Amino acid sequence: MSNQKKRIFQIEAFKNRVVVDPKYAEKTWKILEHAIHEIYNHNASGLSFEELYRNAYNMVLHKFGEKLYSGLVTTMTAHLKEISKSIEAAQGDLFLEELNRKWNDHNKALQMIRDMLMYMDRTYIPNTHKTPVHELGLTLWRDNIIHSGKIQSRLLSTLLELVHSERTGEVIDRGLMRNIVKMLMDLGSSVYQEDFEKPFLEVSAEFYRRESQKFIECYDCGDYLKKAEIRLNEEIERVTHYLDAKNEGKITHVVEKEMIANHMMRLVHMENSGLVNMLLNDKHGDLGRMYNLFRRVPNGLAMIRDVMTSHLRETGKQLVTDAERLKDPVEYVQRLLDEKEKYDGIISLAFSNDKTFQNALNSSFEYFINLNSRSPEFISLFVDDKLRKGLKGVSEEDVEIILDKVMMIFCYLQEKDVFEKYYKQHLAKRLLSGKTVSDDAERSLIVKLKTACGYQYTSKLEGMFTDMKTSQDTMQGFCSSHPELTDGPTLVVQVLTTGSWPTQPSITCHLPFEMSALCEKFRSYYLGIHTGRRLSWQTNMGTADIKAIFGKGQKHELNVSTYQMCILMLFNNADRLSYKEIEQVTAIPASDLKRCLQSMACVKGKNVLRKEPMSKDIGEDDSFFVNEKFASKFYKVKVGTVVAQKESEPEKQETRQRVEEDRKPQIEAAVVRIMKSRKVLDHNNIIAEVTKQLQSRFLANPTEIKKRIESLIEREFLERDNSDRKMYRYLA
Amino acid sequence: MLVGYSNVSSKAKIKGLEKIDRLFNTYANSSFGMIDPEGIEALCSDLGVDYTDVRILMLAWKLKAEKQGYFTQDEWQTGLKALGVDSLSKLKKALSDLEKEVEKPSNYEDFYTYAFRYCLTEEKQKSVDIESICELLNLVLGVQFRPQIDSLIEYLKVQNDYKVINSDQWINFLRFCKEISFPDLENYDAIQAWPLILDNYVEWMREKHS
């Protein structure tokens, strides 16, 4: 504009209207139309962008946008129709290539055309809400090429065939595929989905349905899963190479469904190769693969977990009820430990430490361990065995590992109070016979029990250790204050606090004079230091070492129980003693007496006594003599020490009864504690609270709790509410 | 003439009381100053009622008698005044009214609880032996809950978990008869706070009928 005045610079509209030559529009259009043709004919280099742009601009400015736009549509459509024909004419493999080439051409052309018509794109088109040039170009391509009758179905089937070939192992031109697929994506997601993805997914589903059917018939579980995994990875890879990455989930879903979900049940239960077989044989690789594949489908992991759980419960149940195994408690527990270790391994290596599987494992173990009511006893015996000899020579670290493993099994016990009873008995025997392999190991286990069950659980056990130490100190004091006792028999006393140690009813037998004198000296020494205490000698628990000289001068040192010592000392003053005489003089209880005599007269290699008659049982009319011909290749002979054994039936009943009796006050104490704090509480809640409080020791029986409540009502600790008989009230 | 009026009424009262006292003395043991079991037996035969009749128990309840087999003078006076009787014939008639009074729901539980307490003859006694309980159940609940009571008594006699019954169990027997459908025992829930003895009874019943 040359309206330059020396005044304020203003831009004014044309004052004089430009006369528009009616033919002007047509002329201008023709120029542009020609340009489009040239562009499509790859002759764009001869065109002037600036001129074309200006022409288009002018047309729009002079209100000929409509003409321009419709002209564009017509021209482009005509070109596309030709292109369509040339694509249709392509043969075989060249079809896709031609399509691809033409597409690229079209895009280039479109770009130029759009640049050329940019003014229209920015003004006329938004004002009239028409489709912008670029989009228009895509739409026309779609309508005239992709959706053309002759191309549409051919395109789809070509693509699907290529995918199929690749699936069957052939190599295809992935780059070409990628371009074509990208073309479809560019044309809009509905085009991509309708013209390719939906059919693709259907065909894929069919393909995998057939393949999985074939595989399942001829492969075993492990191999099938390998194949499935391969296929899955293939599809994922295919997506990265030439499919829409956003929708990877769709095709993987197809594979998961057809290959895994549909055959899950059959795979898991496949005979000789299914889940159970894998578990039994620790096939960690296969199990891991199954876990990773099944994790992708709904309920996949649940299925694995359920089958594992029922298998574990079944094998566990057999383990604990197998009569053979029950004969050896140590073996029984070892087998439990092995089973736990096996499954820990499987869960960590194959199931990536999945918590839900860990929980299933725990609940299964808890279930079957408690099926056998002797489990607490056996675990204690196992520990006893380890602490007596099993842990000999084992490094400190390894000891900790073994004890930790045992503790894990211990935690599954519901009747921890039963375990405590047995453990106490066995510990007492170990301590008193000095038969423990490592003091540190003992202590370590006590600490672990304390951590698991609380201070109260272990306070008495710790008391036992304290007693042992204190006794040592007491003995030192006794010996130093009685120096005259260095000649003559030596006495070692262990003073046990009643209440910490398992109670044994004991009747003190008659000790030989030498011993009783010594014991009296100790008693007065001890009571001199600890006035107000009472000592009672537990003659059923001690041991003695006796030096003996037999008929031909054989010298031996005999290690015997206190009872046995009393019996043998009698023979210093008599050659022959009858059963009744022995019984009378020693006052040893009959059953113990018979056992002692039996171990000294009837056991080969330990027969320091001779019995008439030579029967293997002790009769009340038997007579006993020293066995002058006694022979043993060892100088020191051990005659029948008491070792912790599996309890006999009646002993078991007795222990069980004592446990039941002990539980009653515990239940009552819990009830009183709860009622004291809550003041008023209903029946169901009391049962729940009491059970929870006692959980760490044993599983409280609701009927038993009810009995205790009734007893407390009778003793007027509680009362029932008058209006609501379900409520109990605490009576202060 | 208020004085005269009260005189008349108090005279009437005194006269009424006199009659009650005279009646009392007919049966009382003079050395104890109260009616003892013999006296009660005599009273029963005069009333034409059996010694073991439930109406005597009801009378005891009305009298609020503390000790089984004995009526003190106070108890006698208060009781007969409450009944509004002062002669044997009136007392006889009152007995049937008494039955109706006891059966009123507001009184029944009180009477039922009283019946148990009445059996606690020793000091500090808290429970009653099974034999007596069975008889008491029959007496007190037998008419209203015949089938339940017969069955329950049968159970109590064969079981050996409990040799005596305490008051908590006793009161729950009544509840049981009132609330639980019989003989199906459909609505009995062992998880509820019923005494254990009833849990066991229900189990026994269910086993018998299966």
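The legends below describe close-up views of a predicted model, beginning with the interface of chain B and chain A and ending with the surroundings of A:Gln554.

**View 1. The interface of chain B and chain A in the predicted model.** In this view, 17 residues of chain B are in contact with 13 residues of chain A, and the two chains bury about 1,300 Å² between them, with 47% of that area on carbon and sulfur atoms. On the side of chain B, the residues that lose the most area to chain A are B:Asp168, B:Ala193 and B:Leu196, which together account for 41% of what that side buries.

**View 2. Salt bridges and polar contacts across the interface of chain B and chain A.** Two salt bridges are found by the rule across this interface. A salt bridge joins A:Lys706 to B:Asp199, and the closest N and O atoms of this pair are 2.2 Å apart. Between chain B and chain A, six residue pairs are counted in polar contact, with both residues of each pair at pLDDT 80 or more.

**View 3. The side of chain B that touches chain A, seen by its elements.** Two or more residues are given to this side by helix 9 (167-179) and by helix 10 (196-209) of chain B. Helix 9 of chain B gives the most, contributing five residues to the side that touches chain A. When the residues of this side of chain B are divided by kind, eight are nonpolar, five are polar and four are charged.

**View 4. The loop of chain A that holds A:Gln554.** A:Gln554 is placed in the loop between strand 1 (543-549) and strand 2 (555-561) of chain A. A:Leu518 is 36 residues from A:Gln554 along the chain, and the C-alpha atoms of these two residues are separated by 28 Å.

**View 5. The contacts of the side chain of A:Gln554 with backbone oxygens.** When its neighbours within four places in sequence are left aside, A:Gln554 is in contact with A:Ala548 and A:Ile549, and also with A:Glu628, A:Lys629 and A:Phe630. The side chain of A:Gln554 reaches the backbone oxygen of A:Glu628 at 3.4 Å, while a polar atom of that side chain lies 2.5 Å from the backbone oxygen of A:Phe630.

Notes: Residues numbered from 1 in each chain as written. Chains lettered and ligands numbered in written order. Predicted model: local features only at pLDDT ≥ 70, side-chain atom pairs only at ≥ 80, totals over all residues. Heavy atoms only, no water. Contact = heavy atoms within 4.5 Å. Buried area = accessible area lost by both parts, 1.4 Å probe. Salt bridge = Lys/Arg side-chain N within 4 Å of Asp/Glu carboxyl O. Polar contact = N/O pair within 3.5 Å; in protein donor to acceptor, adjacent residues only side chain to side chain. Helix = DSSP H or I, 4+ residues; strand = E, 2+ residues; numbered from the N terminus. Nonpolar A, V, L, I, M, F, W, Y, C, P; charged D, E, K, R; others polar.
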